[in-house]
Amino acid sequence: MTATAGLGTVTGAGSVEPPRPVRRGRRSGRRWRWAVLAVLGLYFVVPIAASVWFTVRDRGRGGVTARYYTGIPGAEGFASAITRSVLLAVLTVLIALLLMLPTIVLVDLRLPRLRTTVELLTLLPLVLPPIALVVGVRSVLSWAPDYFYGTPLADAMFALQKPSLPWILVLVYVVLALPFVYRALDAGVRGADLRTLTEAARNLGASWPRVLATVVLPVLRTSVLNAAFLTFALVMGEYTIAVILGFVTFPTWIVQTSGSQPQLSVSVSVLSLAITWGLLLLISALDRRRGGKDTA
Amino acid sequence: MSVSVGGTPAVVGTAAELRDRPGVTVRLEGLTRRYGSVLALDGLDLDIAGGELIALLGPSGCGKTTALRAIAGFERPDAGRVRLDGRDITDVPASKRDMGMVFQAYSLFPNLTVAENVAFGLKVRRRGKAEQKRRAAELLELVGLGDRGGRYPHQLSGGQQQRVALARALAVAPQVLLLDEPLSALDAQVRVQLRDEIRRLQLEVGITTVFVTHDQAEALSVADRVGVLRAGRLEQVAGPDELYERPATAFVAQFVGTMNRLPATLVDGGVQLLGTRRPVAGAVPRGAEVVALVRPEALVVTADPAGAGRVVHRVFSGAMTRLTVALPDGVEVQADVVSAGSGDLVTGSTVTVAVAERPVLVAPDEPEP
């Protein structure tokens, strides 16, 4: 509409000036941009701001207090829940990377025809609802006392469900993290000519483990970091599976606590949000430093 | 940019060190490699002398890169052997072959500095820190980048990156240097410069070198011998001048340099073309249908108002000017004339084309390869 009007103006005036309506369009575009940004900002900022206000407002006395935040470390169950979740996250990151990094490198260098297959396989967890996954896992785990009691298999299945460090959660989280890990690593592999680089290193006498450690890993550093971060954040925020399998993790602890100490649980949530942001900023800062070096 | 040839003592020292291992021979015996239905190497035999620079030349898909990768150990031949100094290395993995390779694509490790890149092979070989540093500095000096050791690869131009790749390949004092179209990603000017530098370094170091290229000018200008490949087989291996003057097959004749195909007939003991008779160079093909293969510089063009030819195109290139002349029967020929005396041979002028007095190559009249 504006474009047609603009043409009309130009031909009518016979002027060589840039058509005004384009400028007006640009200006109104900017206005729209701000409007969209404002709506989006409100959408994200209001709940967070409300949460923060909820945790710092000193009810009764009025004014502001940091009481709920200082109380976090000593809160009952907090320390064990957060260490367990961090441990689960670290283990998940390690296993997912150990599994996917060699796979993706191998597919890129030797089996390019399998790329689509691997991609589809890693996407399955996104298509499959987590609830279906966890119900399946739970019924398989229940076979241990029902059918295998007293066998090593049952012992192994019980060992997976130790409440202090539930390995079964690590296994399920690795599956859930596959799509993110694959996507992140694949982006890195596509951007680098791994084939030539590995051949150059092989030609100079490097063994395969050395090629992986000194050539492939550094080249994929950013995407490995991205994959690790996404997986870490996923595990630190996962609630459904942990609660259905009956384990206490950081998210389930927050929900448990919210009943009796709402301010505490919300302040923990705010804190974890801040930590996540911090990590995200750290990664992009690392990335940018590298990018800066690239253009220097 | 410039590298002094044996000028400074440091350069001489490095070259002498590299020369500690005089060029070894490489022998390919019946190399065969098949990709699905495509035969990339079809029983390739080749003997490469120690210290020789041999260029493998051919159109894309002729198997030249596959042959190089078989020497490097990146490609396992389906049949045939690779021998290094008489030793069978067909089953030796690439990392144990002791060969330096420069790739077509930029292959420097992006996370390492230029000096670290050059020292990579030495580090793998567990040489001391001091030696790594010294060798890297020497080799960078050798390729004219002595002051760039601390830079990262992305801070260098394409030509500089390939120089570093060359230094990196030479740093480990390899037995053979393999060059896989190392210049094809570079600008024309840099290409010529680096080409000549590679040749000079190679002579200085005396290392056996295999240079794969699809650019015939490149092959002719640097190689001791050129092997022309076609469909996985060698058509001819010969020195550049022999290849140019006495091509063994019509394919070689037309792939190396520019070659005119002129209609001709065989008459007893000679060949009849453009109204004159010339002796036949080399073998006389059987059958009456033949074409004469004539280089542009072997054609003599003279302005002649009654001539049968007409100049349709004229490209000035310094000392020589290349004319495209249309002859009757729809034949077009390319002829090189000395620019200084070609003022009257303008586009549109009528001319006579004759063949210089020397033996003429004759080939069966088959479709162009």
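**Exercise 1. Check the length of helix H9 of chain A against what its residue count suggests.**

Solution. We're working with a predicted model here.
- Start with the residues: H9 of chain A covers 167–191, which makes 25 residues.
- Next, the expected span: at 1.5 Å a residue, it should be 36 Å.
- Now compare: the end C-alpha atoms are 35 Å apart, so the two values agree.

**Exercise 2. Find where H9(A) has a kink, and say which proline follows.**

Solution. Go along the helix to Ala177(A), where you'll find a kink of about 45 degrees. Shortly after that spot comes the proline, Pro179(A).

**Exercise 3. Describe the contact between chain A and chain B: how many residues take part, and how much area is buried?**

Solution.
- Count the residues: chain A gives 20 and chain B gives 25.
- Then take the area: the two chains bury about 2,000 Å² between them, with 59% of that on carbon and sulfur atoms.
- Now pick out who loses the most area on the chain A side: that's Glu199(A), Asn203(A) and Leu204(A), together 34% of what that side buries.

**Exercise 4. Work out which polar links join the chains, and which helices of chain A are involved in the contact.**

Solution.
- Look for salt bridges: there is one between the chains. Glu199(A) pairs with Arg69(B), and their closest N and O atoms are 2.6 Å apart.
- Add the polar contacts: five residue pairs count.
- Turn to the helices: H10 (194–203), H11 (208–219) and H15 (262–295) of chain A each give two or more residues to the side touching chain B. H10(A) has the largest share, eight residues.
- Finally, sort that side by residue type: nine nonpolar, four polar and seven charged.

Terms used:
Residues are numbered from 1 along each chain as its sequence is written. Chains are lettered from A and ligands numbered from 1 in the order in which they are written. This is a predicted model: local features need pLDDT of at least 70, side-chain atom pairs count only at pLDDT 80 or more; totals for chains, interfaces and linings use all residues. Side-chain values use heavy atoms; hydrogens and water are left out. Helices (H or I, at least four residues) and strands (E, at least two) are DSSP runs, numbered from the N terminus. The expected span of a helix is 1.5 Å times one less than its number of residues. The bend at a residue is the angle between axes fitted to the seven residues ending there and the seven starting there. Contact means heavy atoms within 4.5 Å. Buried area is the accessible area (1.4 Å probe) that two parts lose on being put together, summed over both. A salt bridge is a side-chain nitrogen of Lys or Arg within 4 Å of a carboxyl oxygen of Asp or Glu. A polar contact is a pair of N or O atoms within 3.5 Å; within protein, one must be able to donate a hydrogen and the other to accept it, and residues adjacent in sequence count only if both atoms are side-chain atoms. Ala, Val, Leu, Ile, Met, Phe, Trp, Tyr, Cys and Pro count as nonpolar, Asp, Glu, Lys and Arg as charged, and the others, Gly among them, as polar.
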